[in-house]
Amino acid sequence: MEKAVLIYKRRREFADGAIIEGVAWSLPQAVMGSSHLYKYRLFYGYPGQRVIGYDNERGKGDHKHYYDTETPYTFTTPEQVWRDFVTDILTERGKP
């Protein structure tokens, strides 16, 4: 039986208390609701408060969170979802 393979795992803490954290795996089969062979979970926010998040939760498929709003996300690659995530963070932090 094949196992999940870690693609990346990153974490950074900012001086203002914000946290950026991301993890992505390559899977032997797609997560229910997604059409690709990756599982990922990306978080930006503060302890107890998500500001931005991207994930493909089982059954929900690919989507992103901005505070309490959830919208569909079109996944292409693990690297691209990370770039899109970082772009959103830079915009949120005021550095377009």
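**Exercise 1. In this predicted model, how do β3 and β4 pair, and over how many bridges?**

Step 1. Find the two strands: β3 covers residues 38-46, and β4 covers residues 49-55.

Step 2. Look at their directions and links. β3 and β4 pair in the antiparallel sense, with six bridges between them. To see one for yourself, go to Y44, whose bridge partner in β4 is I52.

Step 3. Now check the turn. The hairpin of β3 and β4 has two residues between the strands, and G48 takes a positive phi there, near 85 degrees.

**Exercise 2. Work out which strands stand at the edges of the sheet.**

Step 1. Write down the strand order. This open sheet of six strands runs β1-β2-β3-β4-β5-β6, with antiparallel pairing.

Step 2. Look for strands with a single partner. Those are β1 (5-13) and β6, so one side of each is left without a neighbour in the sheet.

Step 3. Add the twist: going from one strand to the next, it averages 10 degrees.

Step 4. Zoom in on one pairing. β4 and β5 run antiparallel and are joined by four bridges. Two residues of β4 to try are Y54, whose bridge partner in β5 is K64, and D55, whose bridge partner in β5 is H63.

**Exercise 3. Is β4 largely enclosed or not, and why?**

Step 1. Count the buried residues. Five of the seven residues of β4 are buried.

Step 2. Draw the conclusion: with that many buried, β4 is largely enclosed by the rest of the structure.

Step 3. Test one residue. Y54 has a relative accessible area of 1%, and the cut-off for buried is under 20%, so Y54 is buried.

**Exercise 4. Classify the ring pair of Y54 and Y73.**

Step 1. Know what you need. A pair of aromatic rings is described by the distance of the centres and the angle of the planes.

Step 2. Get the distance. The ring centres of Y54 and Y73 are 5.0 Å apart, and rings count as a pair within 6.5 Å.

Step 3. Get the angle. The planes stand at 85 degrees, and over 60 counts as edge-to-face, so that's what this pair is.

Step 4. Place the two residues in the chain. Y54 is in strand β4, while Y73 is in the loop between β6 (69-72) and α1 (78-92). They are 19 residues apart, so the pair links distant parts of the chain.

Step 5. Check how accessible Y73 is. Its relative accessibility is 12%, and Y73 counts as buried.

Step 6. Widen the view. Y54 and Y73 belong to one aromatic cluster together with Y8, W82 and F85. The Y8 ring has company too: the charged end of R10 sits over it, 4.4 Å from its centre.

**Exercise 5. Describe the ring pair of Y66 and Y67, and say where Y67 lies.**

Step 1. Take the geometry. The centres of Y66 and Y67 are 4.9 Å apart and the planes are at 85 degrees, which makes the pair edge-to-face.

Step 2. Check accessibility. Y66 is partly exposed at 43% relative accessible area, and Y67 is partly exposed at 34%.

Step 3. Locate Y67. It lies in the loop between β5 (63-66) and β6.

Step 4. Look at the backbone. Y67 has a phi near 50 degrees, a positive value in a residue other than glycine.

**Exercise 6. Which polar contacts do the side chains of H36 and N56 make?**

Step 1. Place both residues. H36 lies in the loop between β2 (19-26) and β3, and N56 lies in the loop between β4 and β5.

Step 2. See whether they're hidden. H36 is buried at 11% relative accessible area, and N56 is buried at 0%.

Step 3. List the contacts of H36. Its side chain makes a polar contact with the side chain of D62 at 2.9 Å, and a polar atom of the H36 side chain lies 3.3 Å from the backbone nitrogen of Y38.

Step 4. List the contacts of N56. Its side chain is joined to that of S34 by a polar contact of 3.3 Å, and reaches the backbone oxygen of Y38 at 2.8 Å.

Step 5. Connect the two loops. Beyond four places in sequence, the residues that H36 touches include N56 and D62.

Methods: Residues are numbered from 1 along each chain as its sequence is written. This is a predicted model: local features need pLDDT of at least 70, side-chain atom pairs count only at pLDDT 80 or more; totals for chains, interfaces and linings use all residues. Side-chain values use heavy atoms; hydrogens and water are left out. Rings of Phe, Tyr and Trp (its six-membered ring) pair if their centres lie within 6.5 Å; planes under 30 degrees apart count as stacked, over 60 as edge-to-face and the rest as tilted. Buried means under 20% relative accessible area, exposed over 50%, partly exposed in between (1.4 Å probe, protein chains only). A charge sits over a ring if NZ of Lys or CZ of Arg is within 6 Å of the ring centre and within 35 degrees of the ring normal. Two strands pair if DSSP finds at least two bridges between them. Axes are lines fitted to C-alpha atoms, for helices over the stretch in contact, and angles run from 0 to 180 degrees between N-to-C directions. A polar contact is a pair of N or O atoms within 3.5 Å; within protein, one must be able to donate a hydrogen and the other to accept it, and residues adjacent in sequence count only if both atoms are side-chain atoms. Contact means heavy atoms within 4.5 Å.
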